[in-house]
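Please look over the sequence and the model shown here, and read the report that follows alongside them. It deals with cysteines and then with one helix.

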Amino acid sequence: MLADDDLKVEPSEVPAFLQECALLREHLETVVTGTVRTRTLEEHRHVVSCRLANIEDAARRAQSVDGGVLIW
């Protein structure tokens with residue numbers, strides 16, 4: 001989705017979105033080894049993990065106020 005457009009998660013979809021984030025986190029090694037990178041694998045892993053953490057944090061905060069998430 002993000003490759004072509006913004007990702008909009010409606011409030012009712014946030015719990016499922018957090019589950020998807022957890023799945024990505026669980027398979028982070030596969031994600032980082034399977035994507036194009038311009039840095040070392042270790043640096044790429046760190047960057048992807050940090051960005052995913054920001055998304056997870058935003059989703060948890062949105063969930064706490066019955067809000068949605070917009071990622072651009």
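The sulfur of C50 lies 14 Å from the closest cysteine sulfur, which belongs to C21, and that is too far for a bond. A disulfide is counted here when a pair of cysteine sulfur atoms is within 2.5 Å, and by this rule the model has 0 disulfides; C21 takes part in none, since its nearest cysteine sulfur, that of C50, is 14 Å away.

This is a predicted model, in which local features need pLDDT of at least 70 and side-chain atom pairs count only at pLDDT 80 or more, while totals for chains, interfaces and linings use all residues. Residues are numbered from 1 along each chain as its sequence is written, and side-chain values use heavy atoms, with hydrogens and water left out.

The table gives the accessibility of the two cysteines, where buried means under 20% relative accessible area, exposed over 50%, and partly exposed in between (1.4 Å probe, protein chains only).

| Residue | Relative accessible area and class |
|---|---|
| C21 | 3%, buried |
| C50 | 35%, partly exposed |

In helix α1 (helices being DSSP runs of H or I with at least four residues, strands runs of E with at least two, numbered from the N terminus), V14, F17, L18 and C21 are buried. These residues cover an arc of only 100 degrees around the axis, judged by the directions from the helix axis to the C-beta atoms, which puts them on the same side of α1. The buried residues of α1 pack against β1 (7–9), α3 (41–64) and β2 (69–71), contact meaning heavy atoms within 4.5 Å. On the other side of α1, Q19, E20 and E26 are exposed.
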